[in-house]
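Colleague: Could you take me through one part of this model in detail? I would like a close look at a single residue and what surrounds it.

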Amino acid sequence: MVLLHGTQDGQVPFDRSERWCARRPADRLVPLPGTGHYAPITPGTPAFARLLATVRELPGAVPGE
């Protein structure tokens, strides 16, 4: 599992994802510095671009899609 989480998320504290990943070493946390709750799902934001890049890095992902 890969978690993308903004460090400035006002709805879900960033440390919740840190604690999750500390208990599940196979999971990966991708911190998004200075990013709030909705930016990762808002097209055009740097956080959204990072989300797309992370999905493309996943095993079985089709390059360029």
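**A close look at H5**

Modeller: Happy to! To set the scene, this predicted model has two helices and two strands in its protein chain. Read from the N terminus, these elements follow the order β-α-β-α. Buried residues account for 22% of the 65 residues in the chain.

Now to H5, which sits in strand β1, spanning residues 2-6. H5 counts as buried because its relative accessibility is 7%, and the cut-off for buried is under 20%. Its side chain has two polar partners to look at: the side chain of D9, with a polar contact at 3.4 Å, and the backbone oxygen of V12, reached at 2.9 Å. Setting aside neighbours within four places in sequence, H5 is in contact with V12, P13, F14, S17, L29, V30, P31 and L32.

Two of those names lead us to helix α1, residues 14-23, where the buried residues are F14, S17 and C21. These three lie on the same side of α1, because they cover an arc of only 65° around the axis. The spacing fits a general rule: an α-helix has 3.6 residues a turn, so residues three or four places apart point the same way. The buried residues of α1 pack against β1 and against β2 (28-32), while A22 and R23 are exposed on the other side of the helix.

So much for the surroundings of H5; for the chain as a whole, the C-alpha atoms fill a box of roughly 30 × 30 × 15 Å along the principal axes. Among contacts between residues at least 6 apart in sequence, 52% join residues at least 24 apart.

Definitions and conventions
Residues are numbered from 1 along each chain as its sequence is written. This is a predicted model: local features need pLDDT of at least 70, side-chain atom pairs count only at pLDDT 80 or more; totals for chains, interfaces and linings use all residues. Side-chain values use heavy atoms; hydrogens and water are left out. Helices (H or I, at least four residues) and strands (E, at least two) are DSSP runs, numbered from the N terminus. Buried means under 20% relative accessible area, exposed over 50%, partly exposed in between (1.4 Å probe, protein chains only). A polar contact is a pair of N or O atoms within 3.5 Å; within protein, one must be able to donate a hydrogen and the other to accept it, and residues adjacent in sequence count only if both atoms are side-chain atoms. Contact means heavy atoms within 4.5 Å. The arc is that of the directions from the helix axis to the C-beta atoms.
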